[in-house]
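Here are a few notes to read beside the model. Take them one at a time and keep the picture open as you go.

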Amino acid sequence: MTTVFSSAAEVLAAAGTDLGATDWIELTQERINKFADATDDHQWIHVDPVRAKNGPFGACVAHGYLTLSLANLFLPQLIEIRNMKMGVNYGCEKVRFPAPVKAGKRIRGRGEIVAVDKAGEGVQATIRITIDIEGEAKPGCVVDTISRYYF
């Protein structure tokens, strides 16, 4: 379920809020291949299932930056900001890739608002997105995203 905020005051009071989790999606080999094409990163651990089967992970794995980029898919499923004039992606703080995401695995985003501050005329929220891998103890990515909202 998406957490909805309707004002700057609501966002400012939200530090520490657990945003829950998104639905699971499958990270397919097709998506990995398309990312490889978009970034010209065709390393065999990502795109060669035969060779990758005998590699360090036993299968093809998603690019770390592909896994990171899916935070952009998960964030609006976790939080909705209403009544704003504009919102911008301001950047990221810590980014970690604790575990590889194998092709065909299901992943989801979990969110937590870790900090909120005034930023000029806006509100800046740091939202930690943890990208879980179904059946795995460690996540595929943990990133502190920074968004600015102007009301």
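1. Over residues 14–122 the chain is 31% helix and 32% strand, and the C-alpha atoms at the two ends of this stretch are 15 Å apart. Helices (H or I, at least four residues) and strands (E, at least two) are DSSP runs, numbered from the N terminus. UniProt lists these residues, 14–122, as "domain: MaoC-like" in an unreviewed entry; such annotations may be inferred rather than shown by experiment.

2. A word on the source: this is a predicted model, where local features need pLDDT of at least 70, side-chain atom pairs count only at pLDDT 80 or more, and totals for chains, interfaces and linings use all residues. Residues are numbered from 1 along each chain as its sequence is written, and side-chain values use heavy atoms, with hydrogens and water left out.

3. Now follow the whole protein chain: six helices and eight strands, running β-α-β-β-α-α-α-α-α-β-β-β-β-β from the N terminus on.

4. Of its 151 residues, 37% count as buried, meaning under 20% relative accessible area with a 1.4 Å probe, protein chains only.

5. Look inside next. The largest nonpolar core (buried Ala, Val, Leu, Ile, Met, Phe, Trp, Tyr and Cys residues joined through side-chain atoms within 4.5 Å) has 31 residues. Val11, Ile79, Ile107, Ile113, Ile127 and Ile129 touch the most other members. Strand S7 (122–133) is one of the elements that give two or more residues to this core, and S7 gives the most, with six.

6. Finally, find Ile107. Not counting residues up to four places away in sequence, Ile107 touches residues including Trp24, Phe74 and Ile131, where contact means heavy atoms within 4.5 Å.

Definitions and conventions: Buried means under 20% relative accessible area, exposed over 50%, partly exposed in between (1.4 Å probe, protein chains only).
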